[in-house]
Amino acid sequence: MSGWQDYLDQHQSRFEAELLEFVRIPSVSAMPEHMPDVKRAAGWVADRLRGAGLEHVAVLPTTGHPAVYGDWLHAGPDKPTVLIYGHFDVQPADPFELWDSPPFQPEIRQGCVYGRGASDDKGGMFIPILSVEALLQAGGRLPVNVKFIFEGQEEIGSPDMPPFIAAQRERLACDMIFSADGLQWSADEAQLVMGLKGLVGVEVIVEGPSADQHSGLHGGGINNPLMALSQVLASMKDPQSGRITIDGFYDDVVDLTIEDKEQIARVPFDEAAYCARLGVPEAFGEEGYTIRERIWGRPTLELNGLTGGYQGDGSKTVLPARASAKITCRLVANQKPERITELIRAHVERHLPPGVTARIEHLAGDADPFLVPRGHNATQAAGEVLREVYGEAPYVTRVGGSIPIMTLFLRELGVHGVMFGFSVGDENLHAPNEFFRLANFRRGQTAYCRLLEKLGG
C-alpha cells in the first residue's frame, strides 16, 4: 500500500472530526447576519491549508464575501499546474423544524455526516486538501504544481467573482482546473459531467391604463394587460411540439451528435418512474428528443412567475393596469445570454397586441453554457481515475443547471474545468437533513491522490 494511503487510513478519525468542526460554522452567504460566520469559515479554510502544507495562503477580499487562496509550486516547470476549486458558504437551513438534528450541530449517523453544508460543499472541498496533505506527508512533495481557490459566495450566484477572477488572473493561471463542487451519479457509480447549461432571465412588463379599471365600465373599450401578456407568452412556444417559436432562438445551438446521443442513452433512465416521482401524468418537451436529451442538451424557455390583477378570494371585476412575467432560458453551446435577451425583446414587440405597451427588464444571474471539448486531457485523466476507484467506467453526462464559475474560469483563465466532486444528488443538498456519505469522503481522498499522481506522470 502506498504511503499516502497509509496516512489517509491512519488519520481518518481526525479528518472526520475536523469536518464536523467545519460544518458547525453557519457560513450562510445569503443572510447578512451570517457575514461574520462566512469570514470565520474563510479563516478556518486558510488555517487548514497551512496545516496541510500549502504556501502563500491568503484570505482575499472581494466586494462581498471573501475567497481563500493557497498553493504549492515546487514540482517544476515541466509539470502541469492544477487549480482546484470549491466553496465554503452554505444555503440557509430553514425550515429548522424539519431537521432531525440541528443543522449546525453536525452528527454522524449510519456512516453519514448530517449538517448544512456537509455535502454541498464543505465535505467535497475538504477532500483535496486532505489528499494534498497525505501526499506531502508521505513523500515530501507533490507530483504537480497545485493551486487552491475557494469562494464564500457560490450559494448566492458568485456575484463578486467575475471582477475578482479577472483581477486575480495571473495568480490563478493554470493548465488544468478541477472543481471539488460536483456530483457522482450514485453512491457507488461515477460520472463525468461534460456540459452545463447557460442561463438568462428577463421580466416582461405589460402596461395599459393608468390605474386598474372596472371591467363593466371599460371591458371591451380598452385592452387588458394581463390578457395581452398571456397572448404574448403563449406565442413563444408551440403547444404541441414544445418547440420554442422565437425567431432565431435555435440559430447558435450546437446540435447533439450521434455519439452524444449514444452516451446519454447509456445512462439508466425509467420514464414512468420519472413521471411518477414528479407527480405528472406524462412527460412533455421538444419533439424529436428523449427526456434526457432535452434536459441535458437542448435549450429551454420557462415561465417562472406571472403577476397581474386580483389574487384574493372570490372575484374582483377589474382590468389590471399592469401585468408581468418572469422568464428564464437554459442555454446550450453556443448560445449567448445577451443575444437571447434581444431575441425575446424583438418577439414581444412583434406579438404585442394594440392598446398596451411593453418593456423587457434583464434579470441578474447570466451564465454562458459550458461544453467540454472531446479529447480534453484533464477529463480523460479524471475518467481513468474514476474507473480505477469505482471499478467501472463513469457515465458521461451533462447537467441541465448552470454553474457560472466554470464558464467564468474558461473566459478569464482559458481553461475548461472538470467537475471532480464526490457528493450524490440524493444527499438533500439545499434541503433539511443534508448529509454526506463518509465512504465517499474517504473514496474522494484516494481519487484526488491518484489524480494528481496521474497528472504528474
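A residue counts as exposed when its relative accessible area is over 50% and as buried when that area is under 20%. The structure described here is a predicted model. By the first of these limits His56, at 54% relative accessibility, is classed as exposed. His56 belongs to strand E1, which covers residues 55-60. Its backbone is also notable in the model, since phi of His56 is near 50°, a positive value in a residue other than glycine.

A positive phi recurs at Gln110, which is not a glycine and has a value of about 50°. Gln110 is placed in the loop that links strand E4 (107-109) to strand E5 (112-114). With a relative accessibility of 81%, a value over 50%, Gln110 likewise counts as exposed.

Two cis peptide bonds may be described next. One joins Asp120 and Asp121, with omega at about 5°, and Asp121 is part of helix H4. Another runs from Ala333 to Asn334, where omega is near 5°. Asn334 is located in the loop between strand E14 (322-331) and helix H11 (337-351).

The interior of the model was examined through its nonpolar cores. The largest of them has 65 residues, and Phe88, Phe178 and Phe420 have the most contacts inside it. Helix H4 (residues 118-139) supplies the largest share of this core, 10 residues. A second core, separate from the largest, has 27 residues, including Ile246, Tyr250, Cys329 and Val332. The surroundings of Phe178 involve several parts of the sequence. With neighbours within four places in sequence left aside, Phe178 is in contact with Val82, Leu83, Ile84 and Tyr85, with Ala378 and Ala382, and with Val418, Phe420, Tyr448, Leu451 and Leu455.

Helix H4 also contains Ala118. The relative accessible area of Ala118 is 0%, so this residue is buried. When residues up to four places away in sequence are not counted, Ala118 touches Val23, Val113, Gly123, Gly124, Glu434, Phe435 and Phe436. Between Ala118 and Asp181, which stand 63 residues apart along the chain, the C-alpha atoms are separated by 12 Å.

The packing of helices was considered next. Two packed helices are described by the angle between their axes and by the distance between those axes. For helix H1 (residues 3-10) and H4, the axes come within 8 Å and cross at roughly 120°. H1 is therefore oblique to H4, and the crossing of the two is right-handed. On the H1 side the contact is made by Gly3, Trp4, Tyr7 and Leu8, and on the H4 side by Leu130, Glu133, Ala134, Leu135, Gln137 and Ala138. Sorted by class, the residues of this contact are 7 nonpolar, 2 polar and 1 charged.

A further pair is formed by helix H2 (residues 12-23) and helix H14 (residues 438-455), whose axes lie 12 Å apart and make an angle of about 115°. H2 is therefore roughly perpendicular to H14. The crossing of H2 and H14 is right-handed. In this contact Gln12, Phe15, Glu16 and Leu19 of H2 meet Leu438, Phe441, Arg442 and Gln445 of H14. By class, 4 of the residues in the contact of H2 with H14 are nonpolar, 2 are polar and 2 are charged.

Helix H13 (residues 404-413) was examined for the cover of its residues. H13 is mostly covered, with 7 of its 10 residues buried. The buried residues of H13 are Ile405, Met406, Thr407, Leu408, Phe409, Glu412 and Leu413. Glu412 has a relative accessibility of 16%, and because this is under 20% the residue counts as buried. Apart from residues up to four places away in sequence, Glu412 touches Ile165, Ala166 and Arg169. After H13 comes Gly414, which has a positive phi near 70°.

Technical notes
Residues are numbered from 1 along each chain as its sequence is written. This is a predicted model: local features need pLDDT of at least 70, side-chain atom pairs count only at pLDDT 80 or more; totals for chains, interfaces and linings use all residues. Side-chain values use heavy atoms; hydrogens and water are left out. A nonpolar core is a set of buried Ala, Val, Leu, Ile, Met, Phe, Trp, Tyr and Cys residues joined through side-chain atoms within 4.5 Å. Buried means under 20% relative accessible area, exposed over 50%, partly exposed in between (1.4 Å probe, protein chains only). Helices (H or I, at least four residues) and strands (E, at least two) are DSSP runs, numbered from the N terminus. Contact means heavy atoms within 4.5 Å. Axes are lines fitted to C-alpha atoms, for helices over the stretch in contact, and angles run from 0 to 180 degrees between N-to-C directions. Angles under 35 degrees count as roughly parallel, over 145 as roughly antiparallel, 65 to 115 as roughly perpendicular and the rest as oblique. A crossing is left-handed if the near helix is turned anticlockwise from the far one by less than a right angle, and right-handed if clockwise. Ala, Val, Leu, Ile, Met, Phe, Trp, Tyr, Cys and Pro count as nonpolar, Asp, Glu, Lys and Arg as charged, and the others, Gly among them, as polar.
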